[in-house]
Amino acid sequence: MKQFAIILLVSLTVFSCQSKLEDTKKQFFLPPATTYNYVEIDSVKLFYREAGDKSKPTIVLLHGYPSSSHSYRNLIPMLATHYHVIAPDNLGSGYSTHLDPATTTYTFDFLADYTEKLINTLQIKNYVMYMQDFGAPVGYRMMMKNPKRIEALIVQNANAYLDGLTPKRHDFFRTAQTDTSQVKYDFLYSLTGEDAIINKQYLFDLDSTNINIQSPDAWIHDLVFLRSKKDREIQVQLFQDYNTNLIRYPKWQKMLRETQPKTLIAWGRKDLKFNYKGAEAYLRDLPNAELHLLDAGHFAAEEKTRSIAKLILEFLSKNEI
């Protein structure tokens, strides 16, 4: 009997150790791999990053200026454990085809049309849409065509209200469209140069206490795709077209009021380009939206990746998406 008890004790000890080892293994965090893909549409190639189980709800990440899907390189694996994630490069940005701006006029209608073609080609019917900066005019154009495709909105420093623009900023977009002088063109062109990308974009609204949180990978990657005069002219044309977005703000706001999409607003409070009043303005039309003002600037997804990922996962779970 005593021998049996000893054997039983040893067996329980071994079983306990195995259970502890198994519990330890369960604690490993292994996100799905991200893949890097091209789709050819109308003789151009559109690049996109993809991760996660395709049977799960899809999140489409729309990037801003002067970036590409590279801006979501850290966010994608955090979301892909629970969702299917797609992050495209706009036509003329990143690894997507850069058509010659001398023969192709770049507008936000143009970008939205090709992004929608990509999503349709990938046979994505409904999706959660994440927008930042240029992502808003692309995303809202797509949403205007078929609001029911959008299961939820995630708005990150993505303006749709004049409240988010200072008078000086409003004037910048208006004159970019109306002033066709060489002096104005040269000024817009200068904004696509190295110093402007680094210091007037990525480091613009950071102070000395948090400047080291912004990875230089972001602007180095962007500048690779702004090396040539043609690449920079593409972005100038989009500056010149940007005022068409301000003109459409009332239509987008009306759509939001009428459709009441589930909306998470995660906005960098320190953003000096699209200030936090633009975030609060959404609540006029979407009173049930969830608003979080983060201790970050315009590129909040670069600075507060973990915080934004947590907000997204909690928000989508809460809304049973």
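Colleague: How do the residues lining the largest cavity divide by class?

Modeller: Start from the classes, then go to the names. In this predicted model, the lining of the largest cavity divides into six nonpolar, two polar and three charged residues.

Colleague: Which residues line the largest cavity?

Modeller: Tyr65, Phe134, Phe173, Phe239, Tyr242 and Phe274 are in the lining. So are Asp133, Arg169, Gln201, Lys273 and His298.

Colleague: How much space lies in the largest cavity, and what does the count of cavities come to?

Modeller: The largest cavity holds about 80 Å³ of space. With a cut-off of 30 Å³ or more, the count is five cavities.

Colleague: Now the pocket. How much space lies in the largest pocket?

Modeller: A pocket is open, whereas a probe cannot get out of a cavity. Here the largest pocket holds about 410 Å³. Its lining has 16 residues, and those closest to the centre are Arg169, Phe172, Phe187, Leu191 and Lys273. Compare the two lists: Arg169 and Lys273 belong to the cavity lining and are also among the residues closest to the pocket centre.

Colleague: Which helices each supply at least two residues of the pocket lining, and which gives the most?

Modeller: Helices H5 (167–178), H6 (182–190) and H7 (194–202) each supply at least two. H5 gives the most, with five residues. By class, the pocket lining comes to seven nonpolar, three polar and six charged residues.

Colleague: H7 again. At what angle do H7 and H8 pack?

Modeller: Read the angle and the axis distance together. H7 and H8 (residues 216–224) pack at about 140°, their axes 10 Å apart. An angle over 145 degrees would count as roughly antiparallel, so H7 and H8 are oblique to each other. The crossing of H7 past H8 is right-handed.

Colleague: Which residues of H7 and H8 make the contact?

Modeller: H7 brings Glu194, Ile197, Ile198 and Tyr202, and H8 brings Ala218, Trp219, Asp222 and Leu223. That contact has six nonpolar and two charged residues, with no polar ones.

Colleague: Where do the axes of H4 and H10 stand, in distance and angle?

Modeller: H4 covers residues 135–145 and H10 covers residues 243–259; their axes come within 10 Å and cross at roughly 50°. That angle makes H4 oblique to H10. The handedness of this crossing is left-handed.

Colleague: What meets what between H4 and H10?

Modeller: From H4, take Pro137, Tyr140, Arg141, Met143 and Met144. They meet H10 residues including Arg248, Trp252, Met255 and Leu256. The contact divides into seven nonpolar, three polar and three charged residues.

Colleague: H4 also packs with H3. How do their axes cross?

Modeller: The axes of H3 (residues 108–121) and H4 come within 8 Å and cross at roughly 65°. This crossing is right-handed. H3 supplies Phe108, Asp109, Leu111, Ala112, Asp113, Thr115, Glu116 and Ile119, while H4 supplies Pro137, Val138, Arg141, Met142 and Lys145. By class, count seven nonpolar, one polar and five charged residues. Pro137 and Arg141 of H4 serve the contact with H3 and the contact with H10.

Colleague: On to the backbone. Which peptide bond is cis?

Modeller: The general idea is that most peptide bonds are trans. Here the bond from Tyr65 to Pro66 is cis, with omega near 0°. Pro66 sits in the loop between strand S3 (58–62) and helix H2 (75–80). Its partner Tyr65 is one of the residues that line the largest cavity.

Colleague: Is phi of Gln123 positive or negative?

Modeller: Most residues other than glycine have a negative phi. Gln123 has a positive phi, near 60°. Look for Gln123 in the loop between H3 and strand S5 (127–131).

Notes: Residues numbered from 1 in each chain as written. Predicted model: local features only at pLDDT ≥ 70, side-chain atom pairs only at ≥ 80, totals over all residues. Heavy atoms only, no water. Axes fitted to C-alpha atoms, helices over the stretch in contact; angles between N-to-C directions. Helix = DSSP H or I, 4+ residues; strand = E, 2+ residues; numbered from the N terminus. Parallel < 35°, antiparallel > 145°, perpendicular 65-115°, else oblique. Left-handed = near helix turned anticlockwise from the far one by under 90°. Contact = heavy atoms within 4.5 Å. Nonpolar A, V, L, I, M, F, W, Y, C, P; charged D, E, K, R; others polar. 1 Å grid on protein atoms, 1.4 Å probe; cavity = no way out; pocket = protein on both sides within 12 Å on 5 of 7 lines; lining within 4 Å. Points joined across faces, edges and corners; volume = space filled by probe spheres on them.
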